[in-house]
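Reader: Please display the model, so that its core, its interface and its backbone can be discussed in turn.

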Amino acid sequence: MKRSKKRIIKTIVFEILLIISSLLIFAPILLAIIMSIQPPEFVFSYPPKFLPRGFFVQNYIDAFKIVPFARMILNSALISIFITLGKLFTGSLSGYAYANFSFKGSKITFYVLFATLFIPAEIVLIVPLFRIISRLGWTNTYWAMTIPFLASATNTFLMQQHFKTIPKEFEDAARIDGATPMQYFTKVLLPLSRPIIAGAAIINFTYAWNMYLWPMIVAMEDRMKTVQVAINMIMNAESSNNWGIIMAATVVALLPTLILFFALQDLFVKSLVGSGVKG
Amino acid sequence: MGRSVRTALFGGSSVRRKIFPYLLLIPTYLVIILFIYMPAFDALYNSFFRVSVFGRRRIFVGLQNFLSLFTDKDYLYAVNFTLVYTGTTVVISIFLSFFLALLLDQKVPGSKIYRTLIFAPYAVSYAVAGALWGFLLNPVVGHVNYLMRILFGIQTHWLTTRPFAAYSLIFASIWKTLPFNVIFYLAALQSVPSEVMEASIIDGANSWKRVWKIIFPLVSPITFYLVIMSIISATFQSFAIIDVMTRGGPGIYTTNLVYKLYLDGFRFQKIGLASAENVILFVMMMIVTILYFTYGQRRVHYQ
């Protein structure tokens, strides 16, 4: 009796702690959404208000006037989709090589790839990477923002790990049916890997959509910039020390990945953990 | 299945079969070599030269770039600030996320909703995190600024005064890195046998002690992994937070190594110097990577 009473008290305490901490953590996003749809009188009231009143769309209209925002959204979308597809393509091919074939040099090449696992080249190697991109004449192009990121060790390992879990019998059966290795890959292996591909896709998309420093540096012209960079541009635009407009831009930058996350949270978490700690 | 039978059934010659895996690797290695290994060597090479702005003229200066970095007060300051900023963010983020994961691991009603809300910052960018916290801490319109005033009597220009500019960045970084750590801790806790969890959490007055003595050590491989990942994100990814919130200021007060590299490489166009800075960052990165693979639980097993 005493024990179950204690249990109830514990549950209530945990519940309250969870409500407080989850609201505190989510509050910045929620407040940004609220402020983005409120007029300046509301945004600039003191003490600051928390609960929204009505719907004020002008902030979004203004954000689109200050910078070529529609074009920037398109840039971000194209770049992210291209990077996502590219990483899936290269990662599944190389993952297939390491999972299903034994070949000379597999060990050494694997370690060459392995060493780059944590390296965000667009930050850690930004100066030389920029020199290479300039020499190629790729500044202000989508190539600069996509080609260097079309492969990653993470994707290769994620795919390799998954392909290894698929029973060898499938491969043998395909072989007996006369399938070439490529046919086995496209007709059997990939269809069996849909969940892992979807998981890798959303992680890749989120990473690409959220890049900041690199797009800022290689896109000098406004029309080539991305939404993440737009936030800072709108912040700096003198006319708009208006936080309603800044928050409108911020909401546009955060909404696609947030919606993706809300819609596919379980897949997101599963693939993230799978890519990180799978033994 | 015999080798000859195998190749016969597989179609194509054995030569083709031998070449095939290498073909599969080409796209990945093209990217890795051209855009990671080549720039790494380029930075190493250029770090020994003084390069003119347009890169046409270069003078070999040996270790001069490195020497001038290590005698440069601003650079040493950036090293120091990076250590403080990263260290503080990582330690707080790790402990807070472990605590949150323990809470989320309890089977209480609505835990799915709490999970979603707490994980949400994972999906947003570092630039967004900077913008959100820049807003919350704004001395005129910011909600956190207001609460800080009401609750603690702190009234300041958060982003432009010392030491508050550093605190502001740390708030934003912790907020942004927290969910990643929570997600991994939660996964780790779920693999701890439920009897151990039950006994540690529900029983007795010293359950807190048990959490630290039993559960925390059980998840230590994950802690190690998360410390490494948090160091990387707080050092390298936090550029966007700094750029949006403080621009490295006031003065150079919040300039970390990546921000300094950005200034030297792209604002002031000191290619040789920036290459040397880049080499140092790259070496730091390699040290972290090697540390991880030497002492960490193997993340990927090669077979």
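Reader: Leaving aside neighbours within four places in sequence, which residues is A:Ala249 in contact with?

Author: Two residues are in contact if their C-beta atoms, placed from the backbone, lie within 7 Å. The model is a predicted one, in which local features need pLDDT of at least 70, side-chain atom pairs count only at pLDDT 80 or more, and totals for chains, interfaces and linings use all residues. Residues are numbered from 1 along each chain as its sequence is written, while chains are lettered from A and ligands numbered from 1 in the order in which they are written. Once neighbours within four places are set aside, the partners of A:Ala249 are A:Ala63, A:Ala230, A:Ile231 and A:Ile234.

Reader: Which helix gives the largest share of the largest nonpolar core?

Author: A nonpolar core is a set of buried Ala, Val, Leu, Ile, Met, Phe, Trp, Tyr and Cys residues joined through C-beta atoms within 7 Å; a residue is buried if 20 or more other C-beta atoms lie within 10 Å of its own, exposed if 12 or fewer, and partly exposed in between, with C-beta atoms placed from the backbone. The largest such core has 169 residues, and A:Ile231, A:Ala249 and B:Val182 have the most contacts inside it. Its largest share, 15 residues, comes from helix H8 (residues 164–190) of chain B. Helices (H or I, at least four residues) and strands (E, at least two) are DSSP runs numbered from the N terminus.

Reader: How many residues does each chain bring to the contact, and which helix of chain A gives the largest share of its side?

Author: Chain A contributes 85 residues and chain B 81 residues. On the side of chain A, the largest share, 15 residues, belongs to helix H1 (residues 2–36).

Reader: How is that side of chain A divided by class?

Author: Ala, Val, Leu, Ile, Met, Phe, Trp, Tyr, Cys and Pro count as nonpolar, Asp, Glu, Lys and Arg as charged, and the others, Gly among them, as polar. By that scheme, the side of chain A that touches chain B has 59 nonpolar, 20 polar and six charged residues.

Reader: How far apart are the end C-alpha atoms of residues 77–98 of chain A?

Author: An unreviewed UniProt entry places the feature "transmembrane region" at several spans of chain A, including 77–98 and 243–264; such annotations may be inferred rather than shown by experiment, and positions follow the numbering used here, with feature names shortened. Residues 243–264 of chain A are 95% helix and 0% strand, with end C-alpha atoms 31 Å apart. Residues 77–98 of chain A are 100% helix and 0% strand, and their end C-alpha atoms are separated by 31 Å.

Reader: Why is helix H9 of chain A described as largely enclosed?

Author: Helix H9 (residues 153–164) of chain A has twelve residues and reaches 16 Å from first to last C-alpha, close to the 16 Å expected at 1.5 Å a residue, the expected span being 1.5 Å times one less than the number of residues. Among its buried residues are A:Phe157, A:Gln160 and A:His162. H9(A) is largely enclosed by the rest of the structure because the buried residues number eleven of the twelve.

Reader: Is B:Lys213 buried or exposed?

Author: B:Lys213 lies in helix H10 of chain B, as does B:Ile215. B:Ile215 has 19 other C-beta atoms within 10 Å and is therefore partly exposed. B:Lys213 has 11 other C-beta atoms within 10 Å, so B:Lys213 is exposed.

Reader: Which residues does the cis peptide bond with omega of about 0 degrees join?

Author: Most residues other than glycine have a negative phi, and most peptide bonds are trans. One cis peptide bond, with omega about -10 degrees, joins B:Arg162 and B:Pro163; B:Pro163 is in the loop between helix H7 (143–152) and H8 of chain B. The cis bond with omega of about 0 degrees joins B:Gly249 and B:Pro250.

Reader: What value is phi of B:Arg247 near?

Author: B:Arg247 is in the loop between H12 and H13 of chain B. With 17 C-beta neighbours inside 10 Å, B:Arg247 counts as partly exposed. Its phi is positive, although the residue is not glycine, and is near 55 degrees.
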